[in-house]
Amino acid sequence: MAHEAQGPATGPQKLVIRNIGLLLSGAIENPILDADTVVAENGRITAIGRAKDVDQEHATLVIDARGTALAPGLIDSHVHPVAGDWTPRQNQLGWIDSNLNGGVTTMISAGEVHTPGRPRDVVGLKALAISAQRQFANFRPSGVKVHAGAPCIEPEMTEQDFKDLADAGVTLLGEVGLGGVKDGPTAKRMVAWARKYGIQSTIHTGGPSIPGSGLIDKDVVLEADTDVVGHINGGHTALPDSQIRCICEGCKRGLEIVHNGNERAALFALRTAREMGELHRVILGTDAPAGSGVQPLGIARMVSMLSSLGELPAELAICLATGNTARMRKLDCGLIEAGRAADFVFMDTAQHSAGENLLHAIALGDLPGIGMVVIDGQVKCQRSRNTPPATRIPVII
Ligand SMILES: [Zn+2]
């Protein structure tokens, strides 16, 4: 397990990626780009185009994609980290490193709820959130960017508490409903305070996840008006289809589908959003670690599941795990676009897939084979130890 501090290595760096067979942009309005070369300088994408049109001089790192597909690094919109690469929830080490091998380069905390002895008093929960934000900002397990420090709100909190959190660098709320606030009016008031100070919010949608947590139904979800409707397909117990439809139609917020939820409800939510012409609102998470364990391939599995059973073209399904989430979460990654972070996953058809190419294989429900993962222009893993083997893999020249 490799661990490192934040930030790229020193000195000017120029990454050139050549011979890209398929360039997946992450942008749902234009998911496939007509280009075979991507250049990144000092961790940021600077050029995208055909090899002859792009300045490849003075590269410090050249990767020959060998005809494989390049996509933005996958984003997990819903994780529950605790400390570095350890989770007490299933007492597992190295779960984030395993997710890197599943193509995930960025994770968003929905609350550090599995912290042993988690404080629920206001001073304590604020301190925990600020500490978690600092820890994961200072330390990226295996290079993965974990946005953490997401407090679970309690009824005693005042507007000043939200201002204090924002002033201290906290930018996220944990799932509303995991703390003591479970009613619409209180949630609405606190979510509005959070938004006023630039803190993004999400909510636990559906039945209780473990003994001790509670039901959050459509009325509470719509009244709370969080920026993201967390696990609209339940975590794990889903609301009735009629309530899922009400939520999709009753707000304009992000619709998050998670791996550790109800898969039938996931497909229902996807179909509803598509019928509404609002696929751009759909984002993906794992909701791991959880009672269901951790899923190193959770985001890739969601892409294949929604593409195959949900009959969503694979290039669009990948956008739900990249560009959609980046836009919804205001991240600087997730799209192959000049100025964005150089976070990439190289994929190819898994060996012996019945699919004729990567996109066809995903549409048939197979997982992609991951051949390399790059974060901020630096190679973090080569052939994935977790996915089925990719037919072709990129090479460092
Ligand atoms: Zn939840």
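## Overall fold

Residues 24 or more positions apart supply 74% of the contacts in the chain that have a separation of 6 or more. Please keep in mind as you read that this is a predicted model.

The chain has 397 residues, and a compact globule of that length would have a radius of gyration near 21 Å; the value here is 20 Å, which agrees. Its C-alpha trace spans about 60 × 45 × 35 Å along the principal axes. Buried residues account for 55% of the 397 residues. The secondary structure amounts to eleven helices and 21 strands. Let us visit a few of these elements in turn.

## Helix 2 and its buried face

Helix 2 covers residues 122-138, which makes 17 residues. From first C-alpha to last it reaches 24 Å, close to the 24 Å expected at 1.5 Å a residue.

Now to the side chains' surroundings. Leu-125, Leu-128, Ala-129, Ala-132, Gln-133 and Phe-136 are the buried residues to look for in helix 2. If you look down the helix axis, the buried residues of helix 2 fall within an arc of 130°, so they line one face of the helix. That buried set packs against strand 13 (139-141), strand 14 (145-147) and helix 3 (159-167). On the face turned away from the buried side, you will find the exposed residues Val-123 and Asn-138.

## A parallel three-stranded sheet

Strands 15, 16 and 17 form an open sheet in the order 15-16-17, with parallel pairing. The edges are strand 15 (228-229) and strand 17 (282-285), each of which pairs on one side only. Strand 16 (residues 254-258) pairs with strand 15 in the parallel sense over two bridges. To find the register between them, look for Val-229, which stands opposite Leu-255 in strand 16.

A helix also joins the picture. Helix 7 (residues 263-275) packs on the sheet and touches strand 16 and strand 17. The direction of helix 7 makes about 150° with that of strand 16.

## Strand 19 and its partners

Strand 19 (residues 369-375) is a good place to pause: seven of its seven residues are buried, so this strand is largely enclosed by the rest of the structure. Strand 18 (residues 344-348) pairs with strand 19 in the antiparallel sense, over five bridges. Within that pairing, Asp-348 stands opposite Gly-369 in strand 19.

Strand 20 (residues 378-381) is likewise antiparallel to strand 19, and three bridges join the two. Here Val-374 stands opposite Val-379 in strand 20. Strand 19 and strand 20 form a hairpin with two residues between them. Have a look at Asp-376 in the turn, which has a positive phi of about 50°.

## A buried loop residue

Our last stop is Leu-297, in the loop between strand 17 and helix 8 (298-308). Is Leu-297 buried or exposed? Leu-297 is buried, because 24 other C-beta atoms lie within 10 Å, and 20 or more is the cut-off for that class.

What does Leu-297 touch, leaving aside residues up to four places away in sequence? Its contacts are Gly-102, Leu-367, Asn-386 and Thr-387. Leu-297 and Ile-96 are 201 residues apart along the chain, while 11 Å separates their C-alpha atoms.

Terms used
Residues are numbered from 1 along each chain as its sequence is written. This is a predicted model: local features need pLDDT of at least 70, side-chain atom pairs count only at pLDDT 80 or more; totals for chains, interfaces and linings use all residues. Two strands pair if DSSP finds at least two bridges between them. Helices (H or I, at least four residues) and strands (E, at least two) are DSSP runs, numbered from the N terminus. Two residues are in contact if their C-beta atoms, placed from the backbone, lie within 7 Å. Axes are lines fitted to C-alpha atoms, for helices over the stretch in contact, and angles run from 0 to 180 degrees between N-to-C directions. The radius of gyration is taken over C-alpha atoms; the globule rule is 2.2 Å times the number of residues to the power 0.38. A residue is buried if 20 or more other C-beta atoms lie within 10 Å of its own, exposed if 12 or fewer, and partly exposed in between; C-beta atoms are placed from the backbone. The expected span of a helix is 1.5 Å times one less than its number of residues. The arc is that of the directions from the helix axis to the C-beta atoms.
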